[in-house]
Structures are given as structure tokens and as C-alpha cells.
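Grab a pencil and work through a few exercises on the model shown here. Each one sets a task and then walks through a solution.

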Amino acid sequence: MARIDWPTRRRVSTTADPVPLHVPAGLDPRRPAPLICMLHGCTQDPTTFAAATRMDAAADRHGFVVAYPGQSRRENPQGCWNWFQAQHQRRDGGEPAVLASLVRRLLEPNERCTLDPGRVYVAGLSAGGAMAVNLATCYPDLVAAVAVHSGLAFGAATSVAAAFSVMARGGKDLEALGRAARSAMGARARRVPTMVVHGSADRTVAPINGRQVLEQSMLVRPAAGLHAVAADLAHPSASGRGQVDGGLAYTWSRWTDGDGRPAHALLEVDGLGHAWSGGAAGGSFADPRGPDASEAICRFFAEVGAPAGR
């Protein structure tokens, strides 16, 4: 995995420079490719996260470039993204602004690859999943779709104490979470396609949080003039059950928009704890017994494509 040496202009958070960037072998550097920005969980770093998720292999199969920003231990001693602090839940400030700036610099021309600004995706695990939601909510004009593995809803907590409470029990007021997301988006508001992966045995981030991420996304109403179709968590467009050979069972659900394009997806894994489903054996917060979350996320992003109008 190569590294791109862009210095961080602001010491707000991130990015243990340089930023690891995976470019699939044989990718035509002149042809615009989609980008996935992968945000690690607490105690992880870009290298351990890439190894645990095996996202590079999935990206190779689908032609995605992958960037792995790293949180600075100066900003959080455990390496967590500070998703639960109000200053990191707004546009043009805090960690979302730093990450958006990093993505925009990646979009600049370089000799290794050309990236498509209409197909920028973000995914993360745990605190990284929560920050992925923050980034997609604050920058819906930059992020085409988001995938949240074992994460939490935007604005669900604004303090350390509240973060632990929400992690254990979920948010208390779903309508308020929907209003918070809509307000943060402002005039750029749109329903960002969202995929959630969560384990039923997660004792660190309760499974209710994954469902609240989806419900919050479904509650966002776009700005005037944009087409919207109501979505209902209880009534997916399609759903089913599956079983990994020698591994865990799971339930998948999908919701589509008025044009039949993927709008939301949910992968709930029976017996999975706080770990990346289908990750590398022995990897950091990874469980190889589950369905391959990296493959599922890449498929979801590929099906979503670029938002209409981009």
C-alpha cells in the first residue's frame, strides 16, 4: 500500500501523515475511479484496520481506490475519532472538515490514479463508523454513500458520558436525531444512501444503534425540489436469510428509492460481537465467521453509483 505525503494543514485531528492509499493493480490512471475513505475504530490504526477488514482485496475486485486516514493520538489517546463532541458534528470545523479537506486533496490530479468526485464513499467501524456518519451528514455534497459497521447515529451524543450511555442503550429521541441530521445538512440536504452492518452480540455498541443510523437516514427530508420516497425500517423492499459455511447466520434487508436504486441496506449478523464481519482471522476487531462485510459494502457502493445530478 502506497502512501501519499500530503501534510495536514490544521492540527485539529487526524491524520498521521502520510495517508495510506491502496490503488488496485492495473487500474487505468486516466479513467476516473471511485474512492472509499475507511475510518478505523478505537485502538486501531490504518495498517491494522486495512489488514483486519481485508478491504483492499474487495476493492481490487470492484476497482475502488481506498484511503485510510489515521486519527492522531494527540487528539484522542485511544486513537478514537471524536464523533461524540459537538465541535466534530458540524461542517467547516473539527474532524469532518479535516477529513473533507483530505478527500478533496485526494481528488486532485496525480500520476497514480484519477478519482471520480461523484463517487466518493466513506465507511468505518465503531468510532470510525460514527465519524463516517458525521462526515456524510456534514458533507452530503461530497459523500455519495456511507457504510457504518457497529457505529452510531449523528448527534446521538455530545459528551463522553452521553457517548457511553448511547453505546449501551441507543438514542432516546429518534425524531430529534432526524432533525439534527437535517439541520446539519442545511440547504444541501439529501437522503444519503446508507448501509449498516451490526452484530446481534455486540456488547460495546448495542445493536439498536445500527438500526437508529438507518432510521435517522430515512427521516432526512431533502431540500425543496428534490425527489424523495418515504422509507420504513419495518418494510424493506427485499430481505432474506443466509448462512456462512461453517460460520454465522445473518439477515439482510434492502430498501430502494422511487427509481429502484439502492437507498438503504442492513446486514445483521447472528452472534457477531464488536468485530468486522468476515474480517481476517486474528485481525484487530475482526471475526472471520461472519459474511464478508467488505465485499457487501463494495457491492452496495457500486450499485449506488453517483447521486443524480453529479
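**Exercise 1: two helices**

Task: find how helix α3 and helix α4 pack.

Helix α3 (residues 94–106) and helix α4 (residues 127–138) meet at an angle of about 75°, and their axes are 9 Å apart. That makes α3 roughly perpendicular to α4 (65 to 115 degrees counts as such). On the α3 side, Glu95, Pro96, Leu99 and Ala100 make the contact, and on the α4 side Met131, Asn134, Leu135 and Cys138 do; contact means heavy atoms within 4.5 Å. Sorted by class, the contact has 6 nonpolar, 1 polar and 1 charged residues.

A word on the ground rules: this is a predicted model, where local features need pLDDT of at least 70, side-chain atom pairs count only at pLDDT 80 or more, and totals for chains, interfaces and linings use all residues. Residues are numbered from 1 along each chain as its sequence is written, and side-chain values use heavy atoms, with hydrogens and water left out.

**Exercise 2: the cavity**

Task: which residues are closest to the centre of the largest cavity?

Start with the count: there is 1 cavity of 30 Å³ or more (on a 1 Å grid over the protein atoms alone, a cavity is a set of points where a 1.4 Å probe fits but cannot get out; lining residues have an atom within 4 Å of a point). The volume of the largest cavity is about 140 Å³. Its lining has 15 residues, and the closest to the centre are Val133, Thr137, Met185, Thr194 and Ser217. Next, look at the elements: α4, β6 (145–149), α6 (174–185) and α7 (208–219) each supply at least two lining residues. By class, this lining splits into 9 nonpolar, 4 polar and 2 charged residues.

**Exercise 3: a pocket**

Task: which element gives the largest share of the lining of the second largest pocket?

First, the volume of the second largest pocket is about 370 Å³ (a pocket is an open set with protein on both sides within 12 Å along at least five of seven lines). Of its 15 lining residues, Met195, Trp252, Leu267, Ala296 and Arg299 are the closest to the centre. Two or more lining residues come from each of β9 (249–256), β10 (262–269) and α8 (293–304). The largest share, 5 residues, belongs to α8. The lining holds 9 nonpolar, 1 polar and 5 charged residues.

Methods: Grid points are joined across faces, edges and corners, and a volume is the space filled by probe spheres set on the points. Helices (H or I, at least four residues) and strands (E, at least two) are DSSP runs, numbered from the N terminus. Ala, Val, Leu, Ile, Met, Phe, Trp, Tyr, Cys and Pro count as nonpolar, Asp, Glu, Lys and Arg as charged, and the others, Gly among them, as polar. Axes are lines fitted to C-alpha atoms, for helices over the stretch in contact, and angles run from 0 to 180 degrees between N-to-C directions. Angles under 35 degrees count as roughly parallel, over 145 as roughly antiparallel, 65 to 115 as roughly perpendicular and the rest as oblique.
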